[in-house]
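Here's a walk through one structure, taken a piece at a time. Have the coordinates open and follow along.

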Amino acid sequence: MAPTHVTIGLSIAAVVSSVTPFWLAPAVGGFVGSIVPDLDLFAGSHRRTLHFPVLGWLPALVASVVAWIAPSPISICLAVGTVAFALHAVVDIAGAGEELRPWERTNPFAVYCHACGRWFRARYWVRYDGALEDLGLTLAFALPVLWVYDGWVALVAVAAVIVGAVYAVVRRRIPEYVASTSE
């Protein structure tokens with residue numbers, strides 16, 4: 001779920017900001033990089049158009065090397081953002097397939113691999129978006145963010161946990177709601 005991706009991106013930022021003099025750049029990069037892949041929801045091809053489980057690591061590696069050699073707010077922001085972007089697709093593979101009722105496991109395809117020309121199968125380590133273990137991950141990744149950051153970054157992490165908790169409560173009812181509104 002998106003709150004989990006956000007707290008993972010901000011958690012990466014928390015680690016980076018603790019070893020650099022920059023705090024804002026990693027947070028912006030982690031936040032933006034963690035949510036950009038899901039913009040393909042609006043393209044009608046979720047988990048295919050902007051999800052790169054293999055190719056996404058190439059720009060992440062290049063950006064990280066550049067940030068290591070020439071640290072600046074922009075290079076750090078890009079490094080954290082591209083790592084969060086690449087990790088997003090990998091995290092989606094750990095969960096369920098892209099379907100309205102993922103607990104039924106009717107669609108085993110998690111993320112399309114452009115480099116391989118095929119779909120990676122869902123691993124179901126997290127049963128589905130909004131499952132309790134998903135919420136647990138959101139909370140676990142929010143903790144380092146709250147340890148390192150205050151202000152708006154901490155508020156985003158807290159908001160992600162709250163939104164994730166509400167989503168976890170209503171997640172299994174969403175298919176019923178979608179069916180009733182489409183009738």
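What follows covers helix packing, aromatic pairs and a few single residues.

Before anything else, keep in mind that this is a predicted model.

**Helix H1 and its two partners**

Start with helix H1, which spans residues 2-17, and look at how it sits against helix H5, residues 132-148. The two pack at an angle of about 30°, and their axes are 8 Å apart. Angles under 35 degrees count as roughly parallel, so that's the label for H1 and H5. Their crossing is left-handed. On the H1 side, the contact is made by Pro3, Thr4, Thr7, Ile8, Leu10, Ser11, Ala14 and Ser17. H5 answers with Asp134, Leu137, Thr138, Phe141, Ala142, Pro144, Val145 and Val148. Sorted by class, this contact of H1 with H5 has ten nonpolar, five polar and one charged residues.

Thr4 is a good residue to zoom in on here. It lies in helix H1, and with a relative accessibility of 2% it counts as buried, because the cut-off for that is under 20%. Setting aside neighbours within four places in sequence, Thr4 is in contact with Asp134, Leu137 and Thr138. Those three residues also appear on the H5 side of the helix contact.

Now turn to H1 and helix H4, residues 73-94. The axes of H1 and H4 come within 9 Å and cross at roughly 140°. That makes H1 and H4 oblique to each other, since the roughly antiparallel label is kept for angles over 145 degrees. The crossing of H1 and H4 is right-handed. H1 brings His5, Ile8, Gly9, Ile12, Ala13 and Val16 to this contact. From H4 come Ile76, Val80, Val83, Ala84, Leu87, His88, Val91 and Asp92. By class, the residues of the contact of H1 with H4 divide into ten nonpolar, three polar and one charged. Ile8 of H1 is listed in the contact with H5 and also in the contact with H4.

While you're on H4, have a look at Ile74, which is found in that helix. Buried or exposed? Ile74 is exposed, with a relative accessible area of 62%. Its C-alpha is 9.0 Å in space from that of Gly29, and the two residues are 45 apart in sequence.

**Aromatic pairs**

How many aromatic pairs does a search of the whole structure find? It turns up four. One of them is Trp103 with Tyr128: the ring centres are 5.0 Å apart and the planes are at 70°, so this pair is edge-to-face. The pair links distant parts of the chain, 25 residues apart. Trp103 is in the loop between H4 and strand E1 (109-113), while Tyr128 is in the loop between strand E2 (118-121) and H5. Elsewhere, ring pairs link Phe109, Tyr112 and Trp119 into a cluster.

The two rings of the edge-to-face pair belong to residues in separate accessibility classes: Trp103 is partly exposed, whereas Tyr128 counts as buried. Not counting residues up to four places away in sequence, Tyr128 touches Ala96, Pro102, Trp103, Asp134, Arg171 and Arg172. Asp134 is also among the contacts of Thr4. For a sense of scale, Tyr128 and Ser18 are 110 residues apart in sequence and 32 Å apart in space, C-alpha to C-alpha.

**Positive phi outside glycine**

Most residues other than glycine have a negative phi. Two residues here are worth a look on that score. Arg47 has a phi near 65°, a positive value in a residue other than glycine. Arg47 is found in the loop between helix H2 (24-35) and helix H3 (57-69), and at 10% relative accessibility it counts as buried. Tyr124 isn't a glycine either, yet it has a positive phi of about 60°. You'll find Tyr124 in the loop between E2 and H5, where it is buried.

Here are the accessibility values for the residues picked out above.

| Residue | Relative accessible area | Class |
|---|---|---|
| Thr4 | 2% | buried |
| Arg47 | 10% | buried |
| Ile74 | 62% | exposed |
| Trp103 | 22% | partly exposed |
| Tyr124 | 14% | buried |
| Tyr128 | 7% | buried |

Technical notes. Residues are numbered from 1 along each chain as its sequence is written. This is a predicted model: local features need pLDDT of at least 70, side-chain atom pairs count only at pLDDT 80 or more; totals for chains, interfaces and linings use all residues. Side-chain values use heavy atoms; hydrogens and water are left out. Axes are lines fitted to C-alpha atoms, for helices over the stretch in contact, and angles run from 0 to 180 degrees between N-to-C directions. Helices (H or I, at least four residues) and strands (E, at least two) are DSSP runs, numbered from the N terminus. Angles under 35 degrees count as roughly parallel, over 145 as roughly antiparallel, 65 to 115 as roughly perpendicular and the rest as oblique. A crossing is left-handed if the near helix is turned anticlockwise from the far one by less than a right angle, and right-handed if clockwise. Contact means heavy atoms within 4.5 Å. Ala, Val, Leu, Ile, Met, Phe, Trp, Tyr, Cys and Pro count as nonpolar, Asp, Glu, Lys and Arg as charged, and the others, Gly among them, as polar. Rings of Phe, Tyr and Trp (its six-membered ring) pair if their centres lie within 6.5 Å; planes under 30 degrees apart count as stacked, over 60 as edge-to-face and the rest as tilted. Buried means under 20% relative accessible area, exposed over 50%, partly exposed in between (1.4 Å probe, protein chains only).
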